[in-house]
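Work through these exercises with the model open. Each task is followed by its solution.

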Amino acid sequence: MVHPRHFHMELDEHALLEEFDERVKEGVVIYEGDHQVLRETYNGFPFEFRILKGHAFKPEVSSSGSTPSGSSATISSNGSTAHRPKTPEYLPGSDISLTGFEVRNSNADVGLGHYMIFNKFCAARPHYLLLTQNGHRRQHESLNFDDFGTLWGVLSVLNKDWEAKKPGARRYMGMFNCGIDSGCSRLHKHMQVLAVPDEAEFGLWPDSASKCIPFKYYKHDIDGRLDELSREREAWERYFEFTAAAQEALMKAGYIPNAPDGVDATEIVPHNIILTREWLLVIPRTQAGMNGADANAAGYLGMVWVSDEGRMRKWTDQGPVELLTRLGLPNDIQEFYGKQID
């Protein structure tokens, strides 16, 4: 697996941060640096709730996979674009705006067939999207060879200072929400890259092998002794294996994915992927949310982004750990549902 363009990415982290702050100041990118953060532990699992008022305006994908309200695209039953105003703001077939979100201080055309832009509704400083240059690619499609390689390449560049242990350096992770049931909010295929919380304030449970996690997940520890291309290739191979295992587990549980109009549900494997330079995590998903509490990939790290305290209570009232388990698959299905019935 060789992606030679990775080594030509022009990503200056400091310039990117300045540009991010500029877009926030302009009101183009929505991020509240002084947002409220509440941290609690439930059943031994740490949670960090970020109250981001701007998320109240974040669009959602309907259960039928139709374009969220507010998008300038209308997706027909076969998944093609039925109507699109003639404007450079959107790629043909896309429901993600480009205008105003371009990353100027870099070569925004990154990897193999992707654009790097600033996320509109941010949960971290900074927060990026990697979206396919083909606007007809859809979020229910698993990552392919080029998608994964692009994500790995961006992370390898952005994490250079952190890996060199430079003072003040940020650690970055990548995420992908595959399918309606994974918690995605847009249809155009895209991945996310964002700064990880300060370890002293909130650690990521996959960094430790000591946690007992009740929901099903697949984890690969990346061997830092390998060369760059070998690490990337091995992580890609594990991702391919994990999605196949997730599909089998979902089928055994009798789960039928929500599919966009005109898409065969058997072709979809709803899952979340979280990728760092140290590990890969894949979580099979059965539904995006319950009773007003929704989860994306970050939620399975205990990082929950809500628009107000009322939304946070939707989580805490249902039991955050139990909620994550129900939105995915329990490690022990019989034991979990037996306890729920009792």
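**Exercise 1. The largest pocket**

Task: Find which strands and which helix each supply at least two residues of the lining of the largest pocket.

Solution. This is a predicted model.
- Step 1. Go through the elements: strand 6 (114-118), strand 9 (190-195), strand 14 (293-294), strand 15 (303-306) and helix 5 (309-318) each supply at least two lining residues.
- Step 2. Look for the main contributor. Strand 15 gives the most, with four residues.
- Step 3. Add the volume. The largest pocket holds about 1000 Å³.
- Step 4. Go to the centre. The lining has 45 residues, and the closest to the centre are His-55, Lys-58, Pro-59, Glu-60 and Ser-185.
- Step 5. Sort the lining by class. It has 21 nonpolar, 16 polar and eight charged residues.

**Exercise 2. Salt bridges**

Task: Describe the salt bridges of Arg-39, Arg-137 and Arg-238, and place the partners.

Solution. Side chains of opposite charge can pair when their charged atoms come close. The cut-off used here is a nitrogen within 4 Å of a carboxyl oxygen.
- Step 1. Take the total. The count is 20 salt bridges.
- Step 2. Start with Arg-137. Its partner is Asp-147, with the closest N and O atoms 3.1 Å apart. Arg-137 lies in the loop between strand 7 (127-132) and helix 2 (145-158), and Asp-147 lies in helix 2, so the salt bridge ties together parts 10 residues apart in sequence. Both Arg-137 and Asp-147 are buried.
- Step 3. Turn to Arg-39. Its partner is Glu-48, and their closest N and O atoms are 3.1 Å apart. Arg-39 has a relative accessible area of 37%, so it is partly exposed. Glu-48 is buried, because its relative accessible area is 2%.
- Step 4. Check Arg-238. It bridges to Glu-241, with the closest N and O atoms 2.9 Å apart. The two are three residues apart in helix 4 (residues 228-252), so about one helical turn separates them. Glu-241 is partly exposed, at 41% relative accessible area.
- Step 5. Look for shared partners. Through them, salt bridges join Arg-39, Glu-48, Arg-50 and Glu-201 into one network.

**Exercise 3. Aromatic pairs**

Task: Classify the ring pairs Phe-145 with Trp-236 and Trp-205 with Phe-215.

Solution. A pair of aromatic rings is described by the distance of the centres and the angle of the planes. Planes over 60 degrees apart count as edge-to-face.
- Step 1. Take the total. The structure holds 20 aromatic pairs.
- Step 2. Read Phe-145 and Trp-236. The ring centres are 6.2 Å apart and the planes stand at 85°, so this pair is edge-to-face. The pair links distant parts of the chain: Phe-145 sits in helix 2 and Trp-236 in helix 4, 91 residues apart. Phe-145 is partly exposed, with a relative accessible area of 36%. Trp-236 counts as buried, at 15% relative accessibility.
- Step 3. Read Trp-205 and Phe-215. The centres are 6.1 Å apart and the planes are at 70°, so this pair too is edge-to-face. Both residues lie in the loop between strand 9 and strand 10 (218-221), 10 residues apart. Trp-205 is buried, with a relative accessible area of 5%. Phe-215 counts as buried, at 1% relative accessibility.
- Step 4. Widen the view. Tyr-42, Phe-45, Phe-47, Phe-49, Trp-205, Phe-215, Tyr-217, Tyr-300 and Trp-315 form one aromatic cluster.

Note on methods: Residues numbered from 1 in each chain as written. Predicted model: local features only at pLDDT ≥ 70, side-chain atom pairs only at ≥ 80, totals over all residues. Heavy atoms only, no water. Salt bridge = Lys/Arg side-chain N within 4 Å of Asp/Glu carboxyl O. Buried < 20%, exposed > 50% of the residue type's maximum accessible area, 1.4 Å probe, protein only. 1 Å grid on protein atoms, 1.4 Å probe; cavity = no way out; pocket = protein on both sides within 12 Å on 5 of 7 lines; lining within 4 Å. Points joined across faces, edges and corners; volume = space filled by probe spheres on them. Nonpolar A, V, L, I, M, F, W, Y, C, P; charged D, E, K, R; others polar. Phe/Tyr/Trp six-rings, centres within 6.5 Å; stacked < 30°, edge-to-face > 60°.
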